[in-house]
Structure formats: structure tokens, C-alpha cells
Amino acid sequence: MTETQAEITAEIRRIEAGDAGRGVEQPRRDYPPYRSSLLRHPTKSMVHADPETIELWAPCFGHQDVGAAEADLTIQHAGEPLGERMVVAGRITDGDGHPVAHQLVEVWQANAGGRYAHQRDQHPAPLDPNFTGAGRCLTDADGRYRFLTIRPGPYPWRNHTNAWRPAHIHFSLFGRDFTQRLVTQMYFPGDPLFPLDPIIQSVTDPAARSRLIAEYDHDLTQPEYATGYRWDIVLTGSHRTPLEDDA
Amino acid sequence: MTTPGQTVGPFFHYALPYAGGGDLVPPGRAGAIRLHGHVYDGAGDVVPDALLELWQPGPDGRVPRAGGSLRRDGWTFTGFGRAGTDATGHYSFSTLMPGATSPRRLPFFAVTVFARGLTHRLFTRIYPPVDAAAIANDPLLSGLDPARRDTLVATPDEQGLVFDVRLQGNNETVFLTFPGHR
């Protein structure tokens, strides 16, 4: 941890300039500004495969797996968590515009002070005894999901000197087929840490990066109760036609 | 216009792994096998904070369509499992051997790999041990040179199968991209 933010930022800008106009939608796996990636990214080309039967389907999750209360991260303890109470909602579609219906969505996040309820998080911000920060729900028939939570804080990490992550919520998503599996992060509009953060910047295309940022939505905001953010998610295309779905 | 991926990060353990996640069938049940191994980085060091997901047909080759993977009833084979690596980089599943989903296809486990430092999920397959004739008929395995191909084939042990994931380096595991992935 010797590099300065200025050195990391220069690397970020250099790689982005080299990728300009290439229209790459996904993050670079080989992304040296994110130091943990150095020994963990494959160096050989991905091998093209045609999905076979098992890969044309995704695991099924149902109401035996996920209780309705698991979508409310503010009621998991005796008291209310500290922070800005917030609705996060949106719609999940695949690359062909089909809703991802009745499928599992998992989220996890830091508390309002930027601390995870995880033993390896050593950030000296307070833990909140009323907030764990993990939730689940199933999408509805139209692919919609909805969580009630509190807004997470930004937090420091050890990628380089004075490194800070922009506030974010981790999302884990399944699609209609296995090849659509996605784990990603949702960010908040206007965060001043975006240009400095090697994780969001691992997506080098600005338009693709903007798709990681939720929108404030006053229609989701609840009077006297919670602010609202909308984040719609588009998975890759399904390799199975809707006609092949279960009846 | 797809939503980009982002790393799973270091702090997923209280959210994604769950009790019984790696036990697609109860360990020791008739027909159960252990599928296990280590995850290594490019320096050959173990990766203690990786997460593997398994998705597979049953021994009869049918694609499971039952829910219940997160809260298992001990009887229903859902075909999905999730297991994190431990402090030694080791993961372990208790499961059933997959069957072929169609007559001229090899059975395999479909796998996704996540880790801190990995900006985007990786797809791969774990094939149970196969003979040369079967390899020649398989569209994926037949197109790989033998050293690369071997990274996708598990080796038997007393309880089942061993499969190591090497994220980088000389024996780097073959990772897959599917049509439409960019």
C-alpha cells in the first residue's frame, strides 16, 4: 500500500483512454489499478462454448427459500437501524427485454457508517446492533424487486493510500438461464468518489459504468418515511426462448 | 445495454453462503459423492475468499426444476449448491453424479467462480473422468489441446471427485464465454 491516489488515478485514466470507443460493456478482469486482481485474473482467453442443456436453465427458487420479510433490512433486530431509510426497487430484464420473473435477488451492504457486519472489516466505524445488511427477495411476474434498507456509507480500503469506496449495495442475480448469472454493485448518483475508485472504474466504458448507478425516484419516496432509488438491471440474453419455459 | 458485473468483494460471507449450501444431498447418503478441491491464484497461493456455485442435472440427466436450494428439506434434489473456500482455499460439495442431458453429450457440472480481486464472475465446467473416445465427440473438450482440456476434468478420490480451480498461471483453468457475452 504505497501508491498514492494520484498514481492510481493516472493508471485508471490511461486504461480508460486506451479502451475509449471499444464499447466494452463488462469490467476488465485484468485491471492493475485494482491490486487484488493482479494474481486473480485469468491470463488466457476465455473459451467460447455453446450452452448445453443444463446451462440453458437456471436454478429455481421459491417461497420456501425466501420469506417476504427478508426484503426489509430494517426489521432484522429489536430496534431500528441508524441512517437514511431508503427504498431500493427496480426491474430485472434479460438482454432480449423479457422480465426475469420469480427469480432470486440477494443484496448485502455496509451500514450507515460504512462498516460491514463482517469479522474481516476492520474499519473503525461503529457497528450498528440493529443492522446486519443482508437481504433477499424474489422478483414478481414482471421482474420487479423491492428492498427497504438504509443508505450505506462510503468506507476506506487498502488498495492504495487513502483509498475509499463509493457507497454501494452488492447485488447477486440469477437469470432465466445459467449463463446470465451476475454479481454486481449498485451505486448512488453524483458520488464524488467515482473517478477515484478502481472497482467501478474497472468498467472502462462511461456509458456502461452509468448503468451501475441508481436514480433518485420521488415516486418511490414514501412521505414521512423513506427516500426512494430506482435501479433497473439488464442481464445478458437468454439462450432459451420463452416458449421453452415451464407452463 | 447490459448491466456490468462487479467484484463480489471480501465481505460476502454473511450474505451469500448459507447453512447446507454445499450439501446438494446429505453427506453419506447412498449415491452421494464429495466434489472438492482448492482454488489457487497466479502465484500458486490458495484463495481463501472465493465462492463457487454448482448447477447440475441429476444422475438421470434431468434438469431439476424444484425450489428449496436455500432451505433444503434433505430429500429434494435441486441441482444448485454454493460453497465458499475456507482458510486453506478448500471448497467442498456433497452431491450426486450428473447424468448426460442428451444421449451424445458428456455429463458435467456447470460452475461459476467469484472472488475478491475477480472483477466479474467466471464460468467453467467440471467433467467427471472421461475416456478418449468420449472426448472426441464432445464439442468443447475436443476443441481444446490436451493440457488445457485436462483442467476441466476432475480426478477420482475415495469419496468422489477432486477439482482444483487455478485462476491464473501455467495450468490455468479453462474459463468459458457464451454467445452474447461481451
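# A walk through chains A and B

Let's start in the middle of a sheet: β3(A) and strand β8 (residues 168-173) of chain A run antiparallel to each other and share five bridges. Strands and helices here are DSSP runs numbered from the N terminus, with E over at least two residues for a strand and H or I over at least four for a helix. Two strands count as paired if DSSP finds at least two bridges between them. Before going on, keep in mind that this is a predicted model: local features need pLDDT of at least 70, side-chain atom pairs count only at pLDDT 80 or more, and totals for chains, interfaces and linings use all residues. Residues are numbered from 1 along each chain as its sequence is written, while chains are lettered from A and ligands numbered from 1 in the order in which they are written.

Back to the sheet. One bridge between β3(A) and β8(A) links Trp108(A) with its partner His170(A). Strand β3 covers residues 104-109 of chain A, and it also pairs with β4(A), again in the antiparallel sense and over five bridges. There, Leu104(A) has Leu138(A) as its bridge partner, and Glu106(A) sits opposite Arg136(A).

Zoom out a little and you get an open sheet of four strands in chain A, ordered β4-β3-β8-β9 with antiparallel pairing. The edges are β4 (134-138) and β9 (182-187) of chain A, each of which pairs on one side only. On average, neighbouring strands in this sheet are turned by 20° against each other, direction ignored. Axes for such angles are lines fitted to C-alpha atoms (for helices, over the stretch in contact), and angles run from 0 to 180 degrees between N-to-C directions.

So how buried is β3(A)? Six of its six residues are buried, so the strand is largely enclosed by the rest of the structure. A residue is called buried if 20 or more other C-beta atoms lie within 10 Å of its own, exposed if 12 or fewer do, and partly exposed in between, with C-beta atoms placed from the backbone. Leu104(A), Glu106(A) and Trp108(A) point one way from the strand, Val105(A), Val107(A) and Gln109(A) point the other way, and all are buried.

Elsewhere in chain A, take a look at helix α1 (residues 5-19). Its 15 residues should span 21 Å at 1.5 Å a residue, and the end C-alpha atoms are indeed 21 Å apart, which agrees. The expected span is 1.5 Å times one less than the number of residues. After α1(A) comes Gly21(A), with a positive phi near 80°.

Now for where the two chains meet. The contact takes 66 residues from chain A and 64 residues from chain B, with two residues in contact if their C-beta atoms, placed from the backbone, lie within 7 Å. On chain B's side, the elements giving two or more residues are β5 (109-115), β6 (122-126) and β10 (176-177). The largest share, four residues, comes from β5(B). By type, chain B's side splits into 32 nonpolar, 24 polar and eight charged residues. Nonpolar covers Ala, Val, Leu, Ile, Met, Phe, Trp, Tyr, Cys and Pro, charged means Asp, Glu, Lys and Arg, and the others, Gly among them, are polar. There is strand pairing across the chains too: β1 (residues 47-48) of chain A and β10(B) are parallel and joined by two bridges. His48(A) has Thr177(B) as its bridge partner.

Chain B itself has two helices and ten strands, in the sequence pattern β-β-β-β-β-β-α-α-β-β-β-β. Its radius of gyration is 16 Å, close to the 16 Å that the globule rule gives for 182 residues, so chain B is as compact as a globular protein of that length. That radius is taken over C-alpha atoms, and the rule is 2.2 Å times the number of residues to the power 0.38. Buried residues make up 47% of the chain's 182 residues. Of the chain B contacts with a separation of 6 or more, 71% join residues 24 or more positions apart.

Two spots in chain B round off the tour. Thr155(B), in strand β7 (residues 155-156), counts as exposed, with 12 C-beta neighbours inside 10 Å. Leaving aside neighbours within four places in sequence, Thr155(B) is in contact with Pro129(B) and Val162(B). Val46(B) lies in the loop between β1 (33-40) and β2 (50-55) of chain B and is partly exposed, with 16 other C-beta atoms within 10 Å.
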